[in-house]
Amino acid sequence: SHTGIELIKDKKFEAANSLFSGEIAKDAGNKDAYFNRGVVNWVMSNPANACRDWSSVLALGGRRAGRRA
């Protein structure tokens, strides 16, 4: 089975987005899932959702927002 990062590397962005969304649904405090879904949203030309996800990382106490995966 693919991990989300492998899906991103394979340019399977929709699948990666779904995987990270599923991880967030299971654990709303999963900063890595929010960060990585933000990367996917950015690559898919959805900057509003990317910013929302990265803001969630910051709200949860993360410092990774703004760095590349």
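This is a short tour of a predicted model, with a suggestion at each stop for what to select next.

**Stop 1: the whole chain**

Start with everything shown as a cartoon. You should find four helices and zero strands. Follow the chain from the N terminus and the elements run α-α-α-α. Now colour by accessibility if your viewer can do that: of the 69 residues in the protein, 32% are buried. One more number before you zoom in: take the contacts between residues at least 6 apart in sequence, and 36% of them join residues at least 24 apart.

**Stop 2: the loop after H1**

Select Lys 11. You are now in the loop between helix H1 (4-9) and helix H2 (13-26). What is the phi of Lys 11? It is positive, about 60 degrees, although Lys 11 is not a glycine. Turn on the surface and check whether Lys 11 is buried or exposed. Its relative accessible area is 63%, so Lys 11 counts as exposed.

**Stop 3: H2 against H3**

Next, select residues 13-26 for H2 and residues 31-43 for H3. When two helices pack, they are described by the angle between their axes and the distance between those axes. For H2 and H3 the angle is about 155 degrees and the axes are 9 Å apart. Angles over 145 degrees count as roughly antiparallel, so H2 and H3 are roughly antiparallel to each other. Their crossing is left-handed.

Now show side chains where these helices meet. On the H2 side, pick Phe 13, Ala 16, Asn 17, Phe 20, Ser 21, Glu 23 and Ile 24. On the H3 side, pick Ala 33, Tyr 34, Asn 36, Arg 37, Val 40, Asn 41 and Val 43. Colour them by class and you get eight nonpolar, four polar and two charged residues.

**Stop 4: the start of H3**

Click on Lys 31, which is found in helix H3. Its relative accessibility is 34%, so Lys 31 counts as partly exposed. Which residues does Lys 31 contact, leaving aside neighbours within four places in sequence? Select Val 57, Leu 60, Gly 61 and Gly 62 to see them. Then draw a C-alpha to C-alpha distance from Lys 31 to Gly 62: the two are 6.7 Å apart in space, yet 31 residues apart in sequence.

**Stop 5: the loop between H3 and H4**

Move along to Ser 45, in the loop between H3 and H4. Here is another positive phi in a residue other than glycine, with a value near 60 degrees. Ser 45 is exposed, with a relative accessible area of 62%.

**Stop 6: H3 against H4**

Keep H3 on screen and add helix H4, residues 47-59. H3 and H4 pack at an angle of about 160 degrees, and their axes are 8 Å apart. That makes H3 and H4 roughly antiparallel to each other too. H3 passes H4 in a left-handed crossing.

For the contact itself, select Lys 31, Tyr 34, Phe 35, Arg 37, Gly 38, Val 39, Asn 41 and Trp 42 of H3. Then add Pro 47, Asn 49, Ala 50, Asp 53, Trp 54, Ser 56 and Val 57 of H4. By class, these residues divide into eight nonpolar, four polar and three charged. Tyr 34, Arg 37 and Asn 41 also appear in the contact of H2 with H3.

**Stop 7: Asp 53 and its partner**

Finish by zooming in on Asp 53, which lies in helix H4. Is Asp 53 buried or exposed? Its relative accessible area is 3%, so Asp 53 is buried. Not counting residues up to four places away in sequence, Asp 53 touches Tyr 34, Arg 37, Gly 38 and Asn 41.

Which of these forms a salt bridge with Asp 53? Show the side chain of Arg 37: the closest N and O atoms of the pair are 2.6 Å apart. Because Asp 53 lies in helix H4 and Arg 37 in helix H3, the pair ties together parts that are 16 residues apart in sequence. Arg 37 has 18% relative accessibility, and the cut-off for buried is under 20%, so Arg 37 counts as buried. The salt bridge count comes to one.

Technical notes. Residues numbered from 1 in each chain as written. Predicted model: local features only at pLDDT ≥ 70, side-chain atom pairs only at ≥ 80, totals over all residues. Heavy atoms only, no water. Helix = DSSP H or I, 4+ residues; strand = E, 2+ residues; numbered from the N terminus. Buried < 20%, exposed > 50% of the residue type's maximum accessible area, 1.4 Å probe, protein only. Contact = heavy atoms within 4.5 Å. Salt bridge = Lys/Arg side-chain N within 4 Å of Asp/Glu carboxyl O. Axes fitted to C-alpha atoms, helices over the stretch in contact; angles between N-to-C directions. Parallel < 35°, antiparallel > 145°, perpendicular 65-115°, else oblique. Left-handed = near helix turned anticlockwise from the far one by under 90°. Nonpolar A, V, L, I, M, F, W, Y, C, P; charged D, E, K, R; others polar.
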